[in-house]
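The following report examines the packing and local contacts of a single protein chain. The sequence and the coordinates are shown first, and the discussion follows.

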Amino acid sequence: MDKPLGLALLVVGIVLIVWGVSASHSVSSQFSQFFTGSPTDKSIWLIIGGALCAVVGLFSTFLSRR
């Protein structure tokens with residue numbers, strides 16, 4: 001049961017990372033970067049959440065208990 005859940009978390013993590021990177025290149029994020037020096041909170045949280053999901057997915061897929 002760990003492998004399917006791990007693979008799902010890995011896929012969700014990759015999707016969130018891609019979504020966060022594309023959100024960081026949006027017009028609103030460009031304005032935020034111009035005025036504050038950092039991208040929008042949404043893009044930052046998407047990238048962080050995606051990285052965490054991907055790491056948990058990798059560990060549970062490849063280092064699952066036997």
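Beyond its neighbours within four places in sequence, Ser32 is in contact with Gly37, Ser38, Pro39 and Thr40. Ser32 belongs to helix α2, in a model that is predicted. Because its relative accessibility is 18%, below the 20% limit for burial, Ser32 counts as buried. A polar atom of the Ser32 side chain lies 3.0 Å from the backbone oxygen of Ser38.

Thr36 is also a residue of helix α2, but Thr36 is exposed, with a relative accessible area of 56%. Its side chain reaches two backbone oxygens: that of Ser32 at 2.5 Å and that of Ser38 at 3.2 Å. The backbone oxygen of Ser38 is thus approached by the side chain of Ser32 and by that of Thr36. With respect to helix α3, Thr36 and Val56 are 20 residues apart in sequence and 32 Å apart in space, C-alpha to C-alpha.

How many aromatic pairs does the count give? The count comes to one aromatic pair. The ring centres of Phe34 and Phe35 are 4.9 Å apart and the planes stand at 80°; since this angle is over 60 degrees, the pair is edge-to-face. Phe34 and Phe35 are both exposed.

**Helix α3 and its buried face**

Helix α3 covers residues 41-62. Its 22 residues reach 31 Å from the first C-alpha to the last, close to the 32 Å expected at 1.5 Å a residue. The buried residues of α3 are Ser43, Leu46, Gly50, Ala54, Gly57 and Thr61. Seen down the axis of α3, these buried residues fall within an arc of 70°, so they line one face of the helix. On the other side of α3, Asp41, Trp45 and Leu52 are exposed. The cover over the buried residues of α3 includes α1 (2-24) and α2 (27-36).

Ser43 is one of the residues on the buried face of α3. Its relative accessible area is 1%, so Ser43 counts as buried. Not counting residues up to four places away in sequence, Ser43 touches Gly20, Ala23, Ser24 and Ser29.

Ile47, likewise in helix α3, is partly exposed at 33% relative accessibility. With residues up to four places away in sequence left out, Ile47 touches Leu16, Ile17, Gly20 and Val21. Gly20 is therefore touched by Ser43 as well as by Ile47 under the 4.5 Å limit for contact.

**Helix α1 and its partners**

Helix α1 has 23 residues and reaches 32 Å from its first C-alpha to its last, close to the 33 Å expected at 1.5 Å a residue. Gly6, Leu10, Gly13, Gly20, Ala23 and Ser24 are buried in α1. What do the buried residues of α1 pack against? They pack against α2 and α3.

Leu16, in helix α1, touches Leu46, Ile47, Gly49, Gly50 and Cys53, leaving aside residues up to four places away in sequence. Leu46 and Gly50 in that list are among the buried residues of α3. Leu5, also placed in helix α1, is exposed, with a relative accessible area of 53%.

The table lists C-alpha separations for pairs of residues that include members of α1 and α3.

| Pair | Separation along the chain | C-alpha distance |
|---|---|---|
| Leu5 and Gly57 | 52 residues | 7.4 Å |
| Leu16 and Ser43 | 27 residues | 9.4 Å |
| Ile47 and Val27 | 20 residues | 17 Å |

**Confidence of the prediction**

The protein averages a pLDDT of 88, and 94% of the residues score at least 70. Which elements have the lowest and the highest mean pLDDT? Among the elements of the protein, α2 has the lowest mean, 83, and α3 the highest, 93. Where pLDDT is low, predicted coordinates should not be read in detail.

Technical notes
Residues numbered from 1 in each chain as written. Heavy atoms only, no water. Helix = DSSP H or I, 4+ residues; strand = E, 2+ residues; numbered from the N terminus. Expected span 1.5 Å × (residues − 1). Buried < 20%, exposed > 50% of the residue type's maximum accessible area, 1.4 Å probe, protein only. Arc of directions from axis to C-beta. Polar contact = N/O pair within 3.5 Å; in protein donor to acceptor, adjacent residues only side chain to side chain. Phe/Tyr/Trp six-rings, centres within 6.5 Å; stacked < 30°, edge-to-face > 60°. pLDDT = per-residue confidence, 0-100.
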